[in-house]
Amino acid sequence: MADKADREGRAPFLRIHNISKHFADVKAVDDVSLDIEQGEFFCLLGGSGSGKSTLLRMIAGLETPTSGHIEIENQDVTDVPPWKRPVNMMFQSYALFPHMNVEKNIAFGLKQDNWPKPEIAARVEELLNLVQLNEYGKRKPNQLSGGQRQRVALARALARKPKVLLLDEPLSALDKKLREETQRQLVAIQKEIGTTFIMVTHDQEEAMSIATRIGVMDQAKLVQVEAPREMYERPANKMIAGFIGQVNLFEGKVKGTGKAQKIISVDTGGILETLEKTKLEDGQTIWVAVRPERVLLKTKPKGRAAKAANKSSGKLTDIMYLGGITHIQVTLDSGHPVRITISEHWDEDEAKLKLGDAVEVSFEKRAARLLVD
Ligand code: ADP
Ligand code: MG
């Protein structure tokens with residue numbers, strides 16, 4: 001993957017180079033290459049069984065790759081045992097020692113490393129400050145809330161100052177509200193200490209809100225690596241378009257070649273247009289992806305609607321008002337559903353719309369992303 005570090009001629013901080021992992025006949029990770037920079041908060045995102053944990057565990061050294069290698073700061077660590085890597089893995093809070101208080105839990109690894117007592121005490125205090133648990137040092141894990149326990153686990157994982165912290169679905173056991181609060185704390189802590197974090201999650205909203213970059217995995221492959229906004233605006237394929245946010249997919253058939261080439265909507269027979277310059281073959285099937293907030297909605301003009309690209313008529317079949325935003329569904333005359341999201345305000349015309357009304361939906365060329373698979 002060509003990136004900034006390559007162009008400037010220096011090695012990336014963490015380089016994953018053609019890594020594969022096979023368990024008997026299961027390909028858990030298939031030829032993944034990825035560079036991560038120092039200080040990134042990188043999220044590995046994907047459905048269950050896509051290979052996220054296996055990739056993370058190979059970075060930790062808990063799993064040996066079948067092929068490929070891993071470098072950290074230009075050092076090949078592929079055959080280095082976990083405890084000798086500058087890497088640590090944060091486990092979920094239930095892995096805390098129940099009989100030890102918070103301070104002792106955090107100090108555990110430092111004691112094993114034979115740090116001098118005063119240094120351990122200073123480091124523990126520093127970490128308690130970092131995770132905002134200064135008042136809780138003497139409590140046992142069962143005297144803490146779920147979110148607090150999670151922060152103790154984080155402090156413990158950071159105690160030996162790893163260069164990379166790996167987190168495997170660390171927040172999945174927390175309820176929604178607590179999870180969002182903990183996400184914010186995690187981001188703040190990561191910013192403050194500047195350590196590289198690599199987190200596995202299957203929750204796209206979590207990845208979007210936390211990550212500096214997201215790597216999407218699907219069936220053992222790393223499919224796309226992008227910053228959240230770019231991933232949302234330029235998904236590489238249908239799977240990612242649907243996985244990262246909501247999307248309308250319009251199937252199209254390519255007709256003709258050169259300047260006369262058109263994309264005909266399979267669903268409506270109308271013409272689909274985008275600004276993209278992808279080279280297409282006559283007869284090829286493609287998809288045009290449009291986000292719900294980029295679809296425009298109007299009352300259907302009286303009489304025959306003008307035939308225009310990226311425009312069709314239908315009926316309004318669902319309105320879900322959620323305060324700040326409203327979700328609308330239009331069923332096109334062909335039966336194809338289109339989702340529309342309207343935020344902030346409805347204008348006069350839209351506000352009068354009600355279920356069953358005849359409407360016209362359209363989208364601008366620049367709102368349409370062309371996908372070939
Ligand atoms: P994810 O974390 O994305 O849910 P995993 O990395 O845990 O996915 O697993 C990827 C695939 O590898 C799955 O099919 C899983 O069953 C398989 N797998 C993972 N670990 C092992 C193992 N130790 N032995 C056999 N198969 C495994
Ligand atoms: Mg997993």
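Q: In this predicted model, at what angle do helix 5 and helix 6 (residues 176-193) pack, and how far apart are their axes?
A: Happily, two numbers sum up this pair, since two packed helices are described by the angle between their axes and the distance between the axes. For helix 5 and helix 6, the packing angle is about 25° and the axes are 11 Å apart.

Q: Are helix 5 and helix 6 roughly parallel or roughly antiparallel to each other?
A: Angles under 35 degrees count as roughly parallel, and helix 5 packs with helix 6 at about 25°. The two helices are therefore roughly parallel.

Q: Which residues of helix 6 make the contact with helix 5?
A: From helix 5, the contact takes in Gly146, Gly147, Arg151, Leu154 and Leu158. By class, the residues of this contact divide into six nonpolar, three polar and one charged. On the helix 6 side, the names to look for are Leu178, Gln185, Leu186, Ile189 and Ile193.

Q: Is the crossing of helix 3 and helix 5 left-handed or right-handed?
A: Helix 3 (residues 102-112) packs with helix 5 (residues 146-158) at an angle of about 30°, and their axes are 7 Å apart. That angle makes helix 3 roughly parallel to helix 5. As for the hand of the crossing, helix 3 passes helix 5 in one that is right-handed.

Q: How many residues of the contact of helix 3 with helix 5 are nonpolar?
A: Helix 3 brings Val102, Asn105 and Ile106, and these meet Val152, Ala155 and Arg156 in helix 5. Sorted by class, one residue of this contact is polar, one is charged and the nonpolar ones number four.

Q: Are helix 3 and helix 4 (residues 117-130) roughly parallel or oblique to each other?
A: Their packing angle is about 125°, with the axes 10 Å apart. The crossing of this pair is right-handed. With that angle, helix 3 and helix 4 are therefore oblique.

Q: How many residues of the contact of helix 3 with helix 4 are charged?
A: Helix 3 contributes Val102, Glu103, Ile106, Ala107, Leu110 and Lys111, while helix 4 contributes Ile120, Arg123, Val124, Leu127 and Leu128. The contact holds eight nonpolar residues and no polar ones, and the charged residues number three.

Q: How far is an oxygen atom of ligand 1 from an N or O atom in the side chain of Ser53?
A: Let's turn to the ligand, where the surrounding residues include Phe23, Val26, Lys52 and Thr54, along with Ser50, Gly51 and Ser53. A backbone N or O atom of Ser50 lies 3.1 Å from an oxygen atom of ligand 1, and a polar backbone atom of Gly51 is 3.0 Å from a ligand oxygen. For the side chain of Ser53, the distance is 2.8 Å.

How values were computed
Residues numbered from 1 in each chain as written. Chains lettered and ligands numbered in written order. Predicted model: local features only at pLDDT ≥ 70, side-chain atom pairs only at ≥ 80, totals over all residues. Heavy atoms only, no water. Axes fitted to C-alpha atoms, helices over the stretch in contact; angles between N-to-C directions. Helix = DSSP H or I, 4+ residues; strand = E, 2+ residues; numbered from the N terminus. Parallel < 35°, antiparallel > 145°, perpendicular 65-115°, else oblique. Left-handed = near helix turned anticlockwise from the far one by under 90°. Contact = heavy atoms within 4.5 Å. Nonpolar A, V, L, I, M, F, W, Y, C, P; charged D, E, K, R; others polar. Near = heavy atom within 4 Å. Polar contact = N/O pair within 3.5 Å; in protein donor to acceptor, adjacent residues only side chain to side chain.
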